[in-house]
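Trainee: I'd like to learn how to read a structure like this one, feature by feature. Can you take me through it?

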Amino acid sequence: MMVAFPHMGNNWPAFKALCECMGAQAFLPQANNDRQIKCGLRESPEWVCFPFKATLSNLLEALEAGTRTLLMPTDCGPCRFGFYYAVQERILRDLGYKVSVKHLPQGDLLTFEWVTFLRSICRDRRYSGIGNIIRTARIFLMKAFLIKLAEECEGMTRCYERHHGDTTSVLKQCIASIDSARTFGQLRRLKVKIPGVFANIKRNSRSRQDVPVVGMTGEIFMTLDSFANHDLKRKLGEMGCEVRMGVSLYDWVTHKLHINFHRKYLEYLSRKHKRIGGLTMDIGGEALWVVGEYIDWARRGFDGFVHVYPFTCMPEITAKSIIMKWYEDRVFDFPPLFLGFDEHSGETGLITRLEAYVDLLKMRKNKKI
Amino acid sequence: MKTIGIPRSLLYYKYFPLWKTFFQELGLRVVTSDMSDNSILENGNRYAIDEICIPLKLYYGHLENLIKKGVDYVFVPRYVSTSFGTYMCPKFLALPDMIKGTVSELPTLIEMTVDLRKKPEFVSAMEVGIKLGKSRIHAIRAFLQAMKTQKRFLALMEHGYTFHEAVRCSELSTSSIPQRKEQVADMAIAVIGHAYNVHDSFINMDILKKLKELGVKPVVLENLPANISNGRSIINDTLLNYWGNEEEIISAMNYLFRERKIDGIVFLCSFCCGPDSLIDEILTRESKKNNVPYICIVLDEHSGQSGMVTRIEAFVDMITRKSRFVEVT
């Protein structure tokens, strides 16, 4: 059986493994690109958030290629994400496709609804045993962890590379080897290998003292998908910033399994500041943790904070208005940059803003202002 | 006597009689901000970020208006959930946090967290009473009285009163509902949307009055029978709607499609409204399926009226022609 799932940045090997371990064949849509996004835009509501449009175009592409089983994660929180699969299914059906979008409930992974979901992917008895399901989940988690590791190394190395493009090609190789790894042994070896490959990239003369450290966080899809955010991470790296990521698939999944203590710490930080407007409850998206992350990174002495979110995102806008005011009042001396993206494809405006921001960070770093 | 300010925006248009009676019974004087106008919006824009929806921008403006009036407390509720298994929009969930984070020099903020998934509403009211230094019994008694007024207000709305008439009438001590002169019109159009968009005549450029001038009888959500909603609406076979605010809209629409007493539907939504962006998509498709004329009007700070007037006129004309066409054939 052929199964298709939408892209979210470099995380496709993990989802592919999920399908393959359950004995289904995975259909991989092309990486998001301009031409393909247009199909999704045509069918989407006008001011829905961008991830809806991007994932819809992936599903459309899969349908045109003949795949009839579509996967879409879903949540039951207060934000729009929970409605995605239902509205997408409606749109696809009205277009004449007789499909049902299979949804992966991930509101709380400890309810183990995902086990039923995994079993529904493949009806073959050989794969639906509990042993295989545990193995699938472990492989998924390990791959997600390795992807997170590779992306972290990428952000920390790019500004030091001597030859332009080295880091990007190393990252590509890493993702490919994560994809091709089949056994736990191979995956464990990769865990050691990945930091090594990035360390072997030839370095330039920049010293660590001059390089500003930028934390990048926000809504998970927009932060991780390099098409959606116009390759923001690469741009920041090439302008000479060390980039630390605040979100990743691994981070999200462990949070949903209630074992992500870093996120619990961020929640605590945000609640601690409730007198001045720190969020006190999860309002969907990544808002609560973005506010926590802002406080955390400000304390740890990072130089910049980039908040990425889709235009009209309700939770992230709430987080934005709080952080913006904090910076204006100098509660924390930590300059944020807010980037809301939609299907807008002109990059010049973005580049100008980034250059100005990075210049500011560098000047602050050298104590010129 | 201490004063408490209630901003005339957002959930004011749904729960004002409840809040007013509750605080009056607790021995406070209730002050509301002025009616929305341009200066309030401008003041709101100074605090709110540009991407936020217009009702929230107005909320900031109303809050500033109250601060200028010199009230002792401001009431900023946090409505998390108004029925089991639902949520409000994320901005309502974080409203007090957002206000505390963005407005400086606030008077004492009175928060009321209403979360029916966790605790009944009277417990929230009791907590507010304790915060104000009253006894629990006093608070619960005040809340019961407030519930009575709210019930009366809803009954009045159901009998076809407009929001402002109903608020005024609900304060009278008589329990019977006075008869109201019905507007005679050959066409009825439902104006559906969030209460703060439909009843705030500044945001929607007084669409209800404009419809009346065109000889149309506008019907708002609250005018429909109260029992149309039965649990959460079905979006598809596996998903039930989980937005409290949208629940009313979807069930009202389903009722209208079923009953067919209405000639057309105007859906009002504010620009950038997250839930409405998807609900509008569903409703457009549903109304096409049910063959009911439907128009979605998006509201923002835009102050030119002619665009909206043209659209409404065209919509009404289209319905008139449609009915004539049906008669002929």
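Mentor: Sure. This is a predicted model. Chain A splits into domain 1 (2-128), domain 2 (141-205) and domain 3 (207-369).

Trainee: How many residues of domain 1 of chain A are in contact with domain 2 of chain A?

Mentor: Six residues of domain 1 of chain A are in contact with seven residues of domain 2 of chain A. The C-alpha centres of these two domains lie 27 Å apart. By class, the domain 1 side has three nonpolar residues, two polar and one charged.

Trainee: And how is chain B divided?

Mentor: Chain B has domain 1 (3-170) and domain 2 (187-328). Taken over C-alpha atoms, their centres are separated by 25 Å. Here 26 residues of domain 1 of chain B are in contact with 26 residues of domain 2 of chain B. Helices H1 (12-25), H3 (54-69) and H7 (136-158) of chain B each give two or more residues to the domain 1 side. That side is made up of 14 nonpolar, eight polar and four charged residues.

Trainee: Let's go between chains. Which elements of chain A supply at least two residues of the side that touches chain B?

Mentor: A general point before the case: the size of an interface is often given as the accessible area lost when the parts come together. Here we count residues instead: 35 residues of chain A are in contact with 27 residues of chain B. Helices H4 and H14 (314-328) of chain A each supply at least two residues of chain A's side. The largest share, nine residues, comes from H14(A). By class, chain A's side divides into 18 nonpolar, 10 polar and seven charged residues.

Trainee: H4 of chain A came up there. Is that helix mostly covered or mostly open?

Mentor: Start with the geometry. An α-helix has 3.6 residues a turn, so residues three or four places apart point the same way. Now the case: H4(A) spans residues 84-94 and is mostly covered, with eight of its 11 residues buried. The buried ones are Tyr84(A), Tyr85(A), Ala86(A), Val87(A), Gln88(A), Glu89(A), Ile91(A) and Leu92(A). After the helix comes Gly96(A), whose phi is positive, near 105 degrees.

Trainee: What unit does H4(A) make with S3(A) and S4(A)?

Mentor: The three make a right-handed β-α-β unit. Strand S3 (residues 69-74) and strand S4 (residues 101-105) of chain A run parallel and are joined by five bridges. Within that pairing, Met72(A) stands opposite His103(A).

Trainee: Can we try another helix in chain A? Which residues of H11(A) are buried?

Mentor: H11(A) covers residues 249-256, and Leu249(A), Tyr250(A), Asp251(A) and Trp252(A) are buried in it. Their cover includes helix H1 (12-21), helix H6 (130-157) and helix H9 (220-224) of chain A. H11(A) is followed by His258(A), which has a positive phi near 60 degrees.

Trainee: Now sheets. What is the strand order of the four-stranded open sheet in chain B?

Mentor: As background, strands of a sheet pair through backbone hydrogen bonds, either parallel or antiparallel. In this sheet the order is S6-S5-S9-S10 (chain B), and the pairing is parallel. Strand S6 (216-220) and strand S10 (294-299) of chain B are the edges, each pairing on one side only. On average, neighbouring strands are turned by 25 degrees against each other, direction ignored.

Trainee: How many bridges join S5(B) to S6(B)?

Mentor: Five bridges link S5(B), residues 187-193, to S6(B). For one pair to look at, Ala190(B) has Val219(B) as its bridge partner in S6(B).

Trainee: Which strands does helix H12 of chain B lie across?

Mentor: H12(B), residues 274-290, lies across S9 (264-270) and S10 of chain B, and runs at about 165 degrees to S9(B).

Trainee: One single residue to finish: why does Leu240(B) count as partly exposed?

Mentor: Count neighbours. A residue needs 20 or more other C-beta atoms within 10 Å to be buried, and 12 or fewer to be exposed. Leu240(B) has 16 C-beta neighbours inside 10 Å, so Leu240(B) counts as partly exposed. Leu240(B) sits in strand S8 (residues 239-240) of chain B. Leaving out residues up to four places away in sequence, Leu240(B) touches Arg232(B), Ser233(B), Ile234(B) and Ile235(B). Leu208(B) is 32 residues apart from Leu240(B) along the chain, and their C-alpha atoms are separated by 31 Å.

Methods:
Residues are numbered from 1 along each chain as its sequence is written. Chains are lettered from A and ligands numbered from 1 in the order in which they are written. This is a predicted model: local features need pLDDT of at least 70, side-chain atom pairs count only at pLDDT 80 or more; totals for chains, interfaces and linings use all residues. Domain bounds come from an automatic or database domain assignment. Two residues are in contact if their C-beta atoms, placed from the backbone, lie within 7 Å. Ala, Val, Leu, Ile, Met, Phe, Trp, Tyr, Cys and Pro count as nonpolar, Asp, Glu, Lys and Arg as charged, and the others, Gly among them, as polar. Two strands pair if DSSP finds at least two bridges between them. Axes are lines fitted to C-alpha atoms, for helices over the stretch in contact, and angles run from 0 to 180 degrees between N-to-C directions. A crossover is right-handed if, with the strands pointing away from the viewer, the path from the first strand over the helix to the second runs clockwise.
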